[in-house]
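Morning, everyone. I have one structure to walk through today, so let me put it on the screen.

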Amino acid sequence: MLEPLRQGLPPLNLAAASDAASCALPARYEAVREARQFTRKTLDQWDLGDRFDDVCLVVSELVTNALRHALPAHTPRLREQDPPVRLHLMRWTERLVCAVRDPSDDSPVTRDPDDFSAESGRGLFLVDSFSDGWGWHPMAGALGGKVVWALFRLQRPAGHPCAGARADV
């Protein structure tokens, strides 16, 4: 699912993820709050609460973009069955990935961040600013849609043989 993460980074073995969690989000804007609550709970369980502000901002933007731009206009906003958006959080020793899957095949579109009077359109600029990298890729197989992901580098845990050394990731 996260093949683009391999571009420019050491290989990530998805099976080697030390922690993973996901939640389905319904097609309504309250889902952004639910995504933040899920992220808070998950990061606290993983002792990553100190990263919550940056990660939460990025999760909020990715989920908002999925709800606003990736769902067809006729998608019911109150339907509980088959939630069309899913948030995945995955942690390795030195990396955290937030990935949002949605049913659209359209690529995310970045806008010029210089238009400060615009009421919207800065979401991916914020994702780029607060994460260590982001990207997207189409889903393979019958699922369809795409995944938009953001990567956060984590400090090595104290006591790790290379703690204090600069990570080359």
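**Starting at a loop**

Let's begin with Asp47. Asp47 lies in the loop between helix H1 and helix H2, the latter covering 52–69. Look at the backbone here. Phi of Asp47 is near 55 degrees, which is a positive value in a residue other than glycine. Is Asp47 buried or exposed? Its relative accessible area is 69%, so Asp47 is exposed.

Before going on, a caution: this is a predicted model.

Stay in that loop. Gly49 also sits between H1 and H2. Gly49 has a relative accessibility of 31%, so Gly49 counts as partly exposed. What does Gly49 touch, once residues up to four places away in sequence are set aside? Arg40, Leu43 and Asp44. There is a C-alpha distance to go with that. Gly49 and Thr39 are 10 residues apart along the chain, and their C-alpha atoms are separated by 9.4 Å.

Now a pocket. The second largest pocket holds about 200 Å³ of space. It is lined by 11 residues, and those closest to its centre are Asp47, Leu48, Asp50, Leu154 and Gln155. So our loop residue Asp47 turns up again, as one of that central group. By type, the lining splits into five nonpolar residues, two polar and four charged.

**Back into the helix**

Step back to H1 itself. The helix spans residues 31–45, and Glu34 is in it. Glu34 has a relative accessible area of 23%, so Glu34 is partly exposed; the cut-off for buried is under 20%. Leave out neighbours within four places in sequence, and Glu34 is in contact with Leu25, Pro26 and Arg28. Take Ala24 as well. Glu34 and Ala24 are 10 residues apart along the chain, with 9.7 Å between their C-alpha atoms.

**The whole protein**

Let's zoom out. How many helices and strands does the protein have? Three helices and five strands. Along the sequence, the order reads β-α-α-β-β-α-β-β. The protein has 169 residues, and 41% of them are buried. About 9,500 Å² is exposed, with carbon and sulfur atoms supplying 49% of that area.

Then the contacts. Take those with a separation of 6 or more. Residues 24 or more positions apart account for 66% of them.

**Through the strands**

Now the strands, from E2 onwards. E2 covers residues 85–91, and E2 pairs with E3 in the antiparallel sense, over six bridges. A hairpin makes the connection, and three residues join E2 to E3. For one bridge to find on the screen, take Met90: its partner in E3 is Val97.

Next, E3 itself. This strand runs over residues 95–102. Seven of its eight residues are buried, so E3 is largely enclosed by the rest of the structure.

What does E3 meet on the way to E5? Eight bridges join E3 to E5, residues 146–153, and the two strands run antiparallel. Two pairs to pick out. Val100 stands opposite Val148 in E5. Arg101 has Val147 as its bridge partner in E5.

E5 has a further pairing. Strand E4, residues 133–138, is joined to E5 by six bridges, again antiparallel. In this pairing, Pro138 stands opposite Lys146 of E5.

And how enclosed is E5? Seven of the eight residues of E5 are buried, so E5 too is largely enclosed by the rest of the structure.

**One lysine to finish**

My last stop is Lys146, in strand E5. Is Lys146 buried or exposed? Its relative accessibility is 5%, so Lys146 counts as buried. Who surrounds it? Neighbours within four places in sequence aside, Lys146 is in contact with Ala70, Val100, Arg101, Asp102, Ser104, Asp106, Pro108, Trp136, His137, Pro138 and Met139. Two of those names came up in the pairings: Arg101, which bridges to Val147, and Pro138, which stands opposite Lys146 itself.

One distance to close. Lys146 and Val100 are 46 residues apart along the chain, yet their C-alpha atoms are separated by 8.3 Å.

That's the tour. Happy to go back to any part of it.

Methods
Residues are numbered from 1 along each chain as its sequence is written. This is a predicted model: local features need pLDDT of at least 70, side-chain atom pairs count only at pLDDT 80 or more; totals for chains, interfaces and linings use all residues. Side-chain values use heavy atoms; hydrogens and water are left out. Buried means under 20% relative accessible area, exposed over 50%, partly exposed in between (1.4 Å probe, protein chains only). Helices (H or I, at least four residues) and strands (E, at least two) are DSSP runs, numbered from the N terminus. Two strands pair if DSSP finds at least two bridges between them. On a 1 Å grid over the protein atoms alone, a cavity is a set of points where a 1.4 Å probe fits but cannot get out, and a pocket is an open set with protein on both sides within 12 Å along at least five of seven lines; lining residues have an atom within 4 Å of a point. Grid points are joined across faces, edges and corners, and a volume is the space filled by probe spheres set on the points. Ala, Val, Leu, Ile, Met, Phe, Trp, Tyr, Cys and Pro count as nonpolar, Asp, Glu, Lys and Arg as charged, and the others, Gly among them, as polar. Contact means heavy atoms within 4.5 Å. Accessible areas come from the Shrake-Rupley method with a 1.4 Å probe; for residues, only the protein chains shown count as cover.
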